[in-house]
Amino acid sequence: PGNSIKVSDPFIASGAGDLHPAAGSAGLADKGQDWEGVEDDLDFDGKPRKSGSSVDIGCYEVDATLFSCSFDAADGKVEGFIDEDFGLVSDIVNPPDGVKFGYDWTLTDRFGKVIKSNDANPTLRLPGGWYSVEMSVYNVDNPAQRAAASPRVDFLHVCARDLYATAGNANAAYPWATPETGSTNVNELLTEAIGGCVIHIGEGTFTNRAEMVVNKAVTITGEGWEKSVIRILGSANRRVLCLDHEGAVCEKVTLCDSRNNLHGGNDDGYGTGVRIASAGGELRDCRVTDNQAMNYYQFGAGVSVRSSKGVVRRCIIDNNSNLYRETVQHGGGIDVTAGLVENCLVVSNTSGDGAGISLSGGTIRNCTVAFNKALKCWETAPGGTYMGGYSGGVRLNGGGKLQNRVFYANTAETNMA
């Protein structure tokens, strides 16, 4: 009704709470309905209510000297490393002719450290951190005439190329860029890491309360699986590690102690120790041990490879079990539906079916599979029947390749050792 209109954002800086209309705001200036005595009325700022041919729409009259501003990251770069430059680009909307502008930039990290610049488009080399950015511009000849851009929280992320985990470290300090200041929490480092980072796992045992998910080109590297151990609390009810990026790598660590009691039949059912998901990743020179699936439809108690871009190399996969005594499970050591597993030792795992390996796609090459046990499982049904106990070494599910393998002393309670 009347001359009310709906507009997108004609304001100086709505995000910063400044709802003055910018100069040249389309659809507001001289678009209102006059009323008797309007010439004597004032707007919200106490300025004449009518400054043009008609009253303007809204509580403020449009001021032709007002301007607005915004900013963005140069080339869209909002994350990078400590030794790289970050650029910020300002934009002034509806600048009045002949006005010389000054600039105030404020970058504040999560610890309250402030960095300032007065350049129009600053290029900065920043310490590690997450930076919230504020920017305002002003008329140099009349500094009270100022506009503020909408602030952006955690807009820039600057990361160390090498991040460190140090067991029991009382001197842990952000950005965890040295062994002396390394974090005791591996998941904390994964949250910080960007593509291209290397997370160094020191000697000792690191206990996680949540699954590690690597969905960036990040490498986790230990001091050797005998020295660097990553375990997950059984109460977490999750797997130890998920790799889900073609450039994701985990090497030279032991991954252990998952107790997964989640019902399978979906992603939760593949890989109790390690899952290499659809985007891929590489597990190499690791030990995956003592992981137990404890519910229905669990495949790959040690490792599950679900991607053609998934690779497992030179790993020991031992003493894992998905023997749940109410249904048959597959792949006590490793379940492979795609990808490559090579030069691995798969030993002493248990399952109802395919105790060492369950293979339905991909390639198993030059692996030694020994001492795995396929045991009968009790299936709850009218009368009750024993099921499983098949394929102590490998279960073939209609696909995949086996090349240059060694099978030794695998056993099956039913048959097909």
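Guide: Welcome! A residue counts as buried when its relative accessible area is under 20%. The model in front of us is predicted.

Visitor: Thanks! Is Thr 289 buried or exposed?

Guide: Thr 289 sits in strand 24, which covers residues 287-289. Its relative accessibility is 8%. That value is under the 20% limit, so Thr 289 counts as buried.

Visitor: Which residues does Thr 289 touch, not counting residues up to four places away in sequence?

Guide: Let's go through them along the chain. One group is Thr 254, Leu 255, Cys 256 and Asp 257. The other contacts of Thr 289 are Asp 318, Asn 319 and Asn 320.

Visitor: And how far apart in space are Thr 289 and Asn 349?

Guide: In sequence, Thr 289 and Asn 349 are 60 residues apart. In space, C-alpha to C-alpha, their separation is 9.0 Å.

Visitor: Let's step back to the chain. How many helices and strands are there?

Guide: The chain has 417 residues, and buried residues make up 48% of them. Among contacts with a separation of 6 or more, 65% join residues 24 or more positions apart. As for helices and strands, the count is one helix and 42 strands.

Visitor: Which residues touch the most other members of the largest nonpolar core?

Guide: This core has 49 residues. Its largest share, three residues, comes from helix 1. A second, separate core has 23 residues, including Phe 155 and Leu 107. In the largest core, the residues that touch the most other members are Leu 255, Leu 283 and Val 312.

Visitor: Leu 283 sounds interesting. Which residue stands opposite Leu 283 in strand 27?

Guide: Leaving aside neighbours within four places in sequence, the contacts of Leu 283 include Leu 255, Val 288, Val 311 and Val 312. Strand 23 (residues 281-284) and strand 27 (residues 310-313) run parallel and are joined by four bridges. Opposite Leu 283 in strand 27 stands Val 312.

Visitor: Then what stands opposite Arg 313 in strand 30?

Guide: Arg 313 is one of the contacts of Leu 283 as well. Strand 27 pairs with strand 30 (residues 340-342) in the parallel sense, over three bridges. In strand 30, the residue opposite Arg 313 is Glu 342.

Visitor: On to the rings. Why is the pair of Phe 71 and Phe 155 classed as it is?

Guide: This is one of seven aromatic pairs in the structure. The ring centres of Phe 71 and Phe 155 are 5.7 Å apart, and the planes meet at 80°. Planes over 60 degrees apart fall in the class that applies here, so the pair is edge-to-face.

Visitor: How many residues apart in sequence are the parts tied together by that pair?

Guide: Both Phe 71 and Phe 155 are buried, and together with Trp 105 they form one aromatic cluster. Phe 71 belongs to strand 3 (residues 68-73) and Phe 155 to strand 11 (residues 152-159). The pair therefore ties together parts whose separation in sequence is 84 residues.

Visitor: What about Phe 111 and Tyr 174: which class does their pair fall into?

Guide: Phe 111 is exposed, with a relative accessible area of 64%, whereas Tyr 174 counts as partly exposed at 23%. Their ring centres lie 5.6 Å apart, with the planes at 45°. That angle makes the pair neither stacked, which needs under 30 degrees, nor edge-to-face, which needs over 60. So the pair is tilted.

Visitor: Which residue lies over the face of Tyr 270?

Guide: There is a charge over Phe 71 too: Arg 152, at 5.5 Å from the ring centre. For Tyr 270, the distance to the ring centre is 3.6 Å, and the residue is Arg 306.

Visitor: Last one! Which strands stand at the edges of the sheet with order 3-5-8?

Guide: This open sheet has three strands with antiparallel pairing, and strand 3 is joined to strand 5 (residues 85-93) by six bridges. One bridge partner in strand 5 is Ile 92, across from Cys 69. On average, neighbouring strands are turned by 25° against each other, direction ignored. Each edge strand has a single partner, so one side is left without a neighbour in the sheet; the edges are strand 3 and strand 8.

Notes:
Residues are numbered from 1 along each chain as its sequence is written. This is a predicted model: local features need pLDDT of at least 70, side-chain atom pairs count only at pLDDT 80 or more; totals for chains, interfaces and linings use all residues. Side-chain values use heavy atoms; hydrogens and water are left out. Rings of Phe, Tyr and Trp (its six-membered ring) pair if their centres lie within 6.5 Å; planes under 30 degrees apart count as stacked, over 60 as edge-to-face and the rest as tilted. Helices (H or I, at least four residues) and strands (E, at least two) are DSSP runs, numbered from the N terminus. Buried means under 20% relative accessible area, exposed over 50%, partly exposed in between (1.4 Å probe, protein chains only). A charge sits over a ring if NZ of Lys or CZ of Arg is within 6 Å of the ring centre and within 35 degrees of the ring normal. Two strands pair if DSSP finds at least two bridges between them. Axes are lines fitted to C-alpha atoms, for helices over the stretch in contact, and angles run from 0 to 180 degrees between N-to-C directions. A nonpolar core is a set of buried Ala, Val, Leu, Ile, Met, Phe, Trp, Tyr and Cys residues joined through side-chain atoms within 4.5 Å. Contact means heavy atoms within 4.5 Å.
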